[in-house]
Amino acid sequence: MQARPARSFSILGWLLESRNGLGFLFMLPAAVFLLCFLTYPLGLGVWLGFTDARIGREGIFVGLENYIWLFDDPVFWLSVFNTMLYTVVASVLKFVLGLWLALILNQHLPFKTFFRAIILLPWVVPTVLSALAFWWIYDSQFSIISHVLMNLGIISEPINFLGDPGNARASVIAANVWRGIPFVAISLLAGLQTIPQSLNEAAALDGATSWQRFTKITLPLLTPIIAVVMTFSVLFTFTDFQLIYVLTRGGPVNATHLMATLSFQRAIPGGQLGEGAAIAVAMIPFLLAAILFSFFGLQRRKWQQGGGD
C-alpha cells in the first residue's frame, strides 16, 4: 500500500484557519503601530533620563544624577504641586458638573438631541483655539469679564487673570473644566442610558425619593462607567500641555508650570534633554496610579452582574 503523505502545516495556514491565529493577524498592525510610536519613544525617554544628553550632543550615562538633582530642585516640586492641584480640582469639577449635565440631558426635554450635539462643541474644538479664546477672555486690558464687572460696579479696575499667581491657577483650571465637561457629560449620559428605567419606576412606586433613587440605583450602576471616565479625565488633565503653554507658558513665576510643561521647557528651549526626560519619567508613577484606579473600579462590574464586590 502507498503511504499517505503527511499533512503539512504552514504558519500562514494556521494563522488563517485558527481563531487565535486570525485574531493575532488582526492585532498585528495595531501592535506594530504601538511598538513604533509608543514603546520606542517611551524607552528612549527612559534612557535619556539616565544620561546628560543635550540638543546637538549625545549624552553619556550618569545614572540617577538627573533624579537626584530634581529632588533638590524647588521649581520641580512646585510643578508637582501645581500638577496635583490642577488635576484634582479640575477633575472633581468636571465630574460634578458633567454628572449634573448628564442627568439633565437624560430627561425628556424639547430639542434634547440638539442640546446633546451642542454640548460637544468645547470638546471638538482644537485645544489651541480654545486656549487662544481664553487668552483674549483673560486679557489684562480687554477682558470681557472685567468689562462686564466694571460696568456693573462690582470692581473698579480690570482683573489681572494671568499675571497674578492665584488668579492664573484658577483661570487655567476654569479653562480646562470648560473644555473637559462635554467628554464627562456625554460619557456619563451614555451610561445613564443603559440603566433600566423599570428599576427607578419600581423604586418610585415603593415610595423612594429622587435622592434615594439616585444614591441607591443610579450611582451604584454607574460606578464602572465613572471609573473609566474619570481615569481618562485624570490622564488628560495630568498630561495637559497645550492649554497651559498657550495661556501662560508656566508663568507667572512658575505658578502654572505643570510637569509636562516644565519637562518641555527644560528639554527643548533649555536644551537639557536628559533633565527634561527625567521629569517626564517622573510622571509615570502618577499615571500608573490612575490606571490602577480604573482597574479596581471596573471590578465593580461583578456587583452589577450579581457576583461578589
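Here is a friendly talk between a trainee and a mentor about this predicted model.

Trainee: I am new to this structure, so how many helices and how many strands are in the protein chain?
Mentor: Welcome! The chain has 309 residues, and 34% of them are buried. As for its secondary structure, the protein chain holds 16 helices and zero strands.

Trainee: Among contacts between residues at least 6 apart in sequence, what percentage joins residues at least 24 apart?
Mentor: One example of a pair far apart in sequence is Gly-45 and Val-281, which are 236 residues apart along the chain and touch each other. Over the protein chain, among contacts between residues at least 6 apart, the share that joins residues at least 24 apart is 67%.

Trainee: Let us stay with Gly-45; is it buried or exposed?
Mentor: Gly-45 sits in helix α2, which runs over residues 19–48. Leaving aside residues up to four places away in sequence, Gly-45 touches Ala-277 and Val-281. Its relative accessible area is 19%, and the limit for burial is under 20%, so Gly-45 counts as buried.

Trainee: What separates the C-alpha atoms of Gly-45 and Val-281?
Mentor: Along the chain, the two residues are 236 residues apart. In space, their C-alpha atoms are separated by 7.2 Å.

Trainee: Which residues are linked in a network of salt bridges?
Mentor: The structure holds two salt bridges. In one, the side chains of Asp-73 and Arg-266 meet at 3.0 Å, N to O. In the other, Arg-266 meets Glu-275 at 2.2 Å, N to O. Arg-266 takes part in both, and the linked residues are Asp-73, Arg-266 and Glu-275.

Trainee: How many residues apart are Asp-73 and Arg-266?
Mentor: Their side chains meet in a salt bridge. Asp-73 is in the loop between α3 and α4, while Arg-266 is in helix α13, so to speak of the pair is to speak of distant parts of the chain, 193 residues apart.

Trainee: Is Arg-266 buried or exposed?
Mentor: Its salt-bridge partners give some context: Asp-73 is buried at 7% relative accessible area, and Glu-275 is buried at 12%. For Arg-266 the value is 14%, and burial means under 20%, so Arg-266 is buried.

Trainee: At what angle do the axes of helix α4 and helix α13 cross?
Mentor: A pair of packed helices is described by the angle and the distance between the axes. Helix α4 covers residues 74–105 and helix α13 covers residues 259–267. Their axes come within 8 Å and cross at roughly 145°.

Trainee: How do the residues of that contact divide into nonpolar, polar and charged?
Mentor: From α4 come Val-75, Phe-76, Ser-79, Val-80 and Thr-83, and from α13 come Met-259, Leu-262 and Arg-266. These residues divide into five nonpolar, two polar and one charged.

Trainee: Which helix supplies the largest share of the largest nonpolar core?
Mentor: That core has 35 residues, and Tyr-86, Leu-101, Tyr-138, Leu-188, Leu-222, Leu-243 and Leu-247 have the most contacts inside it. At least two residues each come from α4, α7, α9, α11 and α12. The largest share is ten residues, and the helix that gives them is α9.

Trainee: Which residues does Leu-188 touch, not counting those up to four places away in sequence?
Mentor: Leu-188 is one of the residues with the most contacts inside the largest core. Its neighbors are Phe-95, Gly-98, Leu-99, Ala-102, Leu-222, Ile-225, Ile-226 and Val-229.

Trainee: How much of residues 84–105 is helix?
Mentor: The unreviewed UniProt entry annotates several spans as "transmembrane region", including residues 84–105 and 117–138. In the model, residues 117–138 are 77% helix and 0% strand, with end C-alpha atoms 27 Å apart. For residues 84–105 the end C-alpha atoms lie 31 Å apart, strand is 0% and helix is 100%.

Trainee: Which peptide bond is cis, with omega near -5°?
Mentor: Look at the loop between α12 and α13, where Pro-252 is found. The cis bond runs from Gly-251 to Pro-252.

Trainee: What is the phi of Asn-254?
Mentor: Asn-254 is in the loop between α12 and α13, and so is Val-253. Val-253 is not a glycine, yet its phi is positive at about 45°. Asn-254, partly exposed at 27% relative accessible area, also has a positive phi, near 65°.

Terms used:
Residues are numbered from 1 along each chain as its sequence is written. This is a predicted model: local features need pLDDT of at least 70, side-chain atom pairs count only at pLDDT 80 or more; totals for chains, interfaces and linings use all residues. Side-chain values use heavy atoms; hydrogens and water are left out. Axes are lines fitted to C-alpha atoms, for helices over the stretch in contact, and angles run from 0 to 180 degrees between N-to-C directions. Helices (H or I, at least four residues) and strands (E, at least two) are DSSP runs, numbered from the N terminus. Contact means heavy atoms within 4.5 Å. Ala, Val, Leu, Ile, Met, Phe, Trp, Tyr, Cys and Pro count as nonpolar, Asp, Glu, Lys and Arg as charged, and the others, Gly among them, as polar. A salt bridge is a side-chain nitrogen of Lys or Arg within 4 Å of a carboxyl oxygen of Asp or Glu. Buried means under 20% relative accessible area, exposed over 50%, partly exposed in between (1.4 Å probe, protein chains only). A nonpolar core is a set of buried Ala, Val, Leu, Ile, Met, Phe, Trp, Tyr and Cys residues joined through side-chain atoms within 4.5 Å. UniProt positions are given in the numbering used here, feature names are shortened, and annotations may be inferred rather than shown by experiment.
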